[in-house]
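Let's take a walk through this model together, from cysteines to rings to a pocket. Keep the 3D view open as you read.

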Amino acid sequence: MASTVVAAVATATRSNTSSPTPVINKSVVDSQGHPRTSSTGTALQMSAAETTDGRVFATDLNQKYAIHTIVEYTNALVPDMVSISNAPYYWGRMDRYEAEQLLEGRPEGTFLLRDSAQINYLFSISFRRYKRTLHARIEHLNGMFSFDITDKSVFSAPKITDVVANYKDPSKCLFFEPLLSIPMCRGFTFSLQHLCRSTIASHCDYASVADLPLPAQLKKFVREYHYKQPVRVTDQE
């Protein structure tokens with residue numbers, strides 16, 4: 001009796017360790033078992049790869065190359081930097097923590113405009129709402145500025161000062177939008193260098209800065225407030 005049980009267990013063990021029936025990825029055949037075709041009408045070329053447990057999967061060899069997207073950019077200076085620099089609510093370089101300290105305890109709708117700490121953004125708004133300080137980046141695309149440039153229902157304008165002015169009326173500001181009704185005025189003036197740069201940048205474009213009778217270091221300084229604008233997108237294999 002014992003030998004019969006041992007033999008039965010040994011037989012079951014051998015059957016469990018044998019390779020299972022190979023499984024082919026069904027995405028390469030249709031419901032009738034015929035090979036699927038690619039968009040060009042040719043049968044999909046498959047490569048079988050056996051796994052450690054004996055199963056076989058197929059991969060499409062028609063996808064020989066990965067497609068890479070190449071985005072070409074042009075540079076543009078921020079328009080009307082003079083108006084931004086003259087705005088009493090613009091504080092220049094400041095991180096979010098400094099802004100939160102300045103706005104702590106201020107009334108609802110108090111705000112300031114500052115340089116963004118994020119490399120892909122130029123400016124951010126810090127404002128008081130719901131008894132706390134919130135932050136919103138100003139996005140840009142195709143010469144327009146907005147708090148959400150991809151959403152056409154969100155207000156956009158060619159000037160940052162116009163974007164700020166649009167959110168100053170509490171009666172028209174939705175609950176999820178920045179409320180910018182009380183400017184937090186700075187108590188200092190910008191340097192003469194900054195003001196000169198703002199004036200120059202407001203009267204020329206990025207490319208024409210190269211023609212100005214200025215040293216290379218000053219040209220770089222004038223171009224500091226600029227953003228990248230995509231002009232062409234191509235896919236390459």
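## A tour of the model

A search through the whole structure turns up zero disulfides. Keep in mind that this is a predicted model. As for cysteines, Cys 173 is buried, because its relative accessible area is 10%, under the 20% cut-off. Cys 196 comes out as partly exposed, at 39% relative accessibility.

Next door in sequence to that second cysteine is an arginine with a ring under it. Arg 197 lies over the face of Phe 221, 3.9 Å from the ring centre. Another arginine plays a similar game: the charged end of Arg 186 sits over the ring of Phe 188, at 5.9 Å from its centre.

That brings us to the aromatics. How many aromatic pairs does the structure hold? The count is nine. Take Phe 123 and Tyr 225: their rings are stacked, with 6.0 Å centre to centre and 15 degrees between the planes. Phe 123 belongs to strand E6 (residues 123-129), while Tyr 225 sits in the loop between helix H6 (216-222) and strand E11 (226-236), so this pair ties together parts that are 102 residues apart in sequence. Are these two buried or exposed? Phe 123 counts as buried at 1% relative accessibility, and Tyr 225 is buried too, with a relative accessible area of 8%.

Now compare the geometry of Phe 145 and Tyr 227. Their ring centres are 5.7 Å apart and the planes meet at 80 degrees, so the pair is edge-to-face; the cut-off for that label is over 60 degrees. Phe 145 lies in strand E8 (residues 144-146) and Tyr 227 in strand E11, so the pair links parts of the chain that are 82 residues apart in sequence. Both of these residues are buried.

The stacked pair from before also has company. Tyr 90, Trp 91, Phe 123, Phe 188, Phe 190 and Tyr 225 form one aromatic cluster. Phe 188, a member of this cluster, is the ring that has the charged end of Arg 186 over it.

Strand E6 is also where you'll find Arg 129. Arg 129 counts as buried, because its relative accessible area is 9%. Its C-alpha atom is 6.1 Å from that of Gly 109, 20 residues away along the chain. Gly 109 is in the loop between H3 and strand E5 (110-115), and it is buried, with a relative accessible area of 0%. From Arg 129 you can also hop to Leu 180: the two are 51 residues apart along the chain, and their C-alpha atoms are separated by 9.4 Å.

Since H3 has come up, have a look at both of its ends. At the N-terminal end of helix H3 (residues 96-103), Asp 95 acts as a cap, with a side-chain oxygen 3.1 Å from the backbone nitrogen of Tyr 97. After the helix comes Gly 105, whose phi is positive, near 80 degrees.

Last stop: the empty space. Rolling a probe the size of a water molecule over the atoms shows where such space is left. The largest pocket has a volume of about 520 Å³. It is lined by 18 residues, and the closest to its centre are Gln 118, Ile 119, Asn 120, Tyr 121 and Leu 122. Strand E7 (132-141) and E11 each supply at least two residues of the lining. Which element gives the largest share of the lining? That is E11, with three residues, and E11 is also the strand that holds Tyr 227.

Conventions: Residues numbered from 1 in each chain as written. Predicted model: local features only at pLDDT ≥ 70, side-chain atom pairs only at ≥ 80, totals over all residues. Heavy atoms only, no water. Polar contact = N/O pair within 3.5 Å; in protein donor to acceptor, adjacent residues only side chain to side chain. Helix = DSSP H or I, 4+ residues; strand = E, 2+ residues; numbered from the N terminus. Phe/Tyr/Trp six-rings, centres within 6.5 Å; stacked < 30°, edge-to-face > 60°. Buried < 20%, exposed > 50% of the residue type's maximum accessible area, 1.4 Å probe, protein only. Lys NZ or Arg CZ within 6 Å of the ring centre and 35° of its normal. Disulfide = S-S within 2.5 Å. 1 Å grid on protein atoms, 1.4 Å probe; cavity = no way out; pocket = protein on both sides within 12 Å on 5 of 7 lines; lining within 4 Å. Points joined across faces, edges and corners; volume = space filled by probe spheres on them.
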